[in-house]
Amino acid sequence: MRDREASTGKLATGKFAAEGITRRRVLVSAAVAGGGLLVGLPMIARAAGADHPFAASARQGEHVFNPWIKISAAGDVTIAVPRVEMGQGVYTSLPLLAAEELDADWARVHFVQAPVDNVYANVTLFMEAIRFRPEGEGILADAVRWATQKVARALGIQGTGGSTSIREAYDPMRRVGAATREMLIAAAARRWEVPRAECRAEKGTVTHGATGRRLGFGELAADAALTDPPEHVRLKEPAEWQLIGSDVPRLDLREKTDGQAIFAPDIQGDGMVYGAVRTAPRFGAKLKSFDKSAIAGKPGFIDVVEIPRGIAVVADNTWRASQLLAALPVIWDDTGALEMSSDEIFESHDRAIASGDAHVFTDRGDAPDQLAGAGTANVFSATYRLPYLAHACMEPMNATALYADGALTLWTGNQNPNLMRNAAADEIDIDADRVTVETPFLGGGFGRRSEPDAARQAARVAKALAGRPVKLFWDREEDMRHDTYRPAGTCRMTARLDGDGRPVAWHHRSAGQSVLADYMSRIRPGAPLPTADATQVEGAEDIAYAIPHIRVEHVTTEPLVPVGWWRSVGNSLNAFFVESFIDELAHNAGADPYEYRRALLADRPRDRAVLDLVAKKSGWGDKPPPGRGRGLAVHKSYESYVAQVVEISVTDGEIRLHKVTCAVDCGTVVHPDTVVAQMESAVTFGATAALFGRITIDQGRVVEGNFPDYDMIRMETMPEIDVHLAPTGGDPGGIGEAGTPAIAPAIANAVFALTGKRVRELPFAIADI
């Protein structure tokens with residue numbers, strides 16, 4: 001369960017007086033922040049004293065061992081979690097890794113959000129977001145990677161995303177636990193005056209085998225915390241694991257089910273005021289003027305504050321702020337605003353694919369010559385389109401801020417607290433060390449809460465109303481129309497086929513905006529990109545199918561609409577392109593789609609294994625029930641392998657998704673129940689987007705504004721989701737996003753199997769089925 005001291009302050013029922021606005025009083029601890037777990041034992045040794053950030057959280061009777069673990073005199077173990085919890089289970093899975101090696105009693109394990117500090121940086125996220133070339137082996141490649149890691153640590157990137165939490169923490173968190181275990185054992189051995197080798201840890205205690213003496217962790221904590229940490233530790237073999245791989249109860253389960261869990265909109269305090277925001281409707285437009293006198297003096301009115309590209313109306317409650325905002329006359333300056341609409345944007349994609357300068361990400365064999373020299377009879381080509389997509393988090397963007405005595409405290413659900421801190425400081429021109437960021441639970445992240453726009457706005461308004469806490473909120477329409485969207489994408493796929501209809505040459509040429517370039521333009525304007533944005537071809541550049549000649553290239557189109565990280569990023573687009581096209585080739589060859597893929601995956605055992613498993617579990621070889629069709633897709637992302645079979649029906653052009661069978665191999669499974677939950681969540685998220693999701697641009701502004709325009713799967717239309725784990729051991733793969741990419745092509749392939757109509761443009765809601 002969560003560290004109880006942090007929880008007691010989170011309800012924010014106390015005073016919001018400046019001296020009372022400490023992190024503990026108002027909300028859960030700090031944020032996920034920055035510096036990486038890739039620190040190893042030297043960092044543990046350095047942190048043995050009280051010079052690390054976690055030490056500041058120690059209460060009376062608690063003893064801090066390193067930046068991740070403290071143990072109370074009563075024997076409770078509290079583990080700092082350096083990533084944010086947004087449903088993906090890190091408040092359980094990361095403590096579980098340390099607790100396993102520590103030999104802790106799971107019933108006495110607690111978690112607390114780690115503070116903001118470079119020691120918690122997410123180096124893996126940085127490395128994968130900015131992939132430098134070359135990626136092979138050798139002195140040059142090693143030197144580039146080493147330098148990149150140094151940069152990542154120096155920047156202190158503290159983001160949660162890219163399905164990196166477990167992948168980055170798997171080894172270091174276990175080493176932290178093992179080192180703490182050895183410190184406890186050493187303290188016990190000294191007290192008993194026996195050789196250390198005669199002692200061992202077991203479920204929150206240390207025992208001496210020869211005499212049967214036993215001491216609890218709490219009894220040893222004071223002495224052990226002063227013990228020098230070992231330079232080397234032995235990690236358990238999988239056969240020794242007691243916690244990893246088991247479905248221990250989630251540590252955040254109770255507060256999420258009894259209503260105690262605190263999300264950013266739950267923050268309350270004395271003297272709080274409320275701000276409603278409106279941003280210029282057209283992308284690129286800005287505020288020209290507003291008539292404050294029209295609402296000044298009305299009940300509840302407090303002030304109007306200019307924010308970046310918009311305004312915030314502040315009132316004594318949320319409702320009045322919204323009503324006053326609606327009544328405020330505003331004139332927007334559309335000079336330089338985007339004038340294009342969706343059709344024109346897709347036409348720009350077509351031009352880019354026809355003649356644009358592409359970056360070549362994969363060039364194996366000689367695909368261009370193979371295709372150029374082939375006759376039209378054995379060349380197959382298809383073009384696919386995918387729309388912009390919103391994140392549509394259940395909790396719209398919001399932030400609460402208090403500016404007092406030249407310092408800012410910010411409460412906001414976010415995926416990157418050090419970025420929030422730096423952006424807020426920049427917005428109101430104060431030093432970053434004068435900003436404190438508190439991160440509560442997130443009511444939906446999916447990449448959207450990596451953006452600091454709400455934090456910037458809250459900082460600006462809080463400074464204007466210094467001394468008063470301000471809760472700034474976006475209504476649903478503001479959230480939907482000023483998102484940072486998944487880019488729209490177009491892809492032309494071309495293949496040359498052999499006599500059996502199998503591809504011997506493959507050309508993947510896509511077009512769309514760069515998320516990385518757009519994101520960097522917002523957080524570090526003017527900073528050059530060191531390389532092409534590899535996320536544009538995620539899931540396409542290294543396809544598993546055995547094809548001798550492959551060329552994968554992408555044309556980056558001009559920045560038009562704000563784009564950002566969306567669950568599974570480029571994989572969600574490229575899985576649709578690749579798995580739709582391979583399905584078309586299978587049917588073109590008159591082959592069963594499963595058998596066709598299986599033959600092309602002969603040299604890829606893990607891809608083939610999940611494909612076989614999902615075929616078996618779904619009854620692929622059996623005839624589906626009358627009126628239903630099945631489709632499948634397989635995709636690797638974030639080092640995890642996922643295959644899905646869907647079963648659908650179509651009535652009056654409307655698709656009903658009845659069942660999804662999912663097989664996943666994510667290496668070592670740390671917490672099975674979390675993996676299953678993430679697959680269920682990812683399937684729901686991806687299927688919702690495929691069936692209904694589309695952001696339409698009309699002369700530079702977003703048409704859709706709320707869920708009547710942007711529908712979702714409802715409880716009554718939820719399919720049965722049957723998840724099967726196929727663990728292969730070794731390092732774990734990412735799991736938060738890996739279940740999303742395959743679902744859209746699987747549905748498209750099922751539609752074809754059932755109706756004979758190939759859907760090459762999403763969402764299905766607009767397709768002529």
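**Close-up 1. The two sides of helix H10 in the predicted model.** Trp319 and Ala326 of H10 are exposed. On the other side of the helix (residues 318-327), Ala321, Leu324 and Leu325 are buried. These three lie on the same side of H10 because they cover an arc of only 105 degrees around the axis. An α-helix has 3.6 residues a turn, so residues three or four places apart point the same way.

**Close-up 2. Surroundings and start of H10.** The buried residues of the helix pack against four strands: E8 (273-279), E10 (301-307), E11 (310-315) and E18 (470-473). At the start of H10, Asn317 places a side-chain oxygen within 3.1 Å of the backbone nitrogen of Trp319.

**Close-up 3. The largest nonpolar core, with 78 residues.** Trp506, Phe581, Leu585, Val646, Ile747 and Phe764 have the most contacts inside this core. Helix H17 (residues 570-588) gives the most to the core, eight residues. A second core is separate and has 56 residues, including Tyr91, Val176, Trp192 and Ile244.

**Close-up 4. Contacts of Phe764.** Leaving aside residues up to four places away in sequence, Phe764 touches Ile655, Ala690, Leu691, Ala744, Ile747, Ala748, Val751, Val759 and Ile769.

**Close-up 5. The largest cavity, with about 150 Å³ of space.** The model has seven cavities of 30 Å³ or more. The largest is lined by 18 residues; Pro487, Gln513, Gln536, His554 and Leu573 are the closest to its centre. Strand E19 (489-497), strand E20 (503-512) and H17 each supply at least two lining residues. H17 gives the most, with four.

Definitions and conventions:
Residues numbered from 1 in each chain as written. Predicted model: local features only at pLDDT ≥ 70, side-chain atom pairs only at ≥ 80, totals over all residues. Heavy atoms only, no water. Core = buried A, V, L, I, M, F, W, Y, C linked by side-chain atoms within 4.5 Å. Buried < 20%, exposed > 50% of the residue type's maximum accessible area, 1.4 Å probe, protein only. Contact = heavy atoms within 4.5 Å. Arc of directions from axis to C-beta. Polar contact = N/O pair within 3.5 Å; in protein donor to acceptor, adjacent residues only side chain to side chain. 1 Å grid on protein atoms, 1.4 Å probe; cavity = no way out; pocket = protein on both sides within 12 Å on 5 of 7 lines; lining within 4 Å. Points joined across faces, edges and corners; volume = space filled by probe spheres on them.
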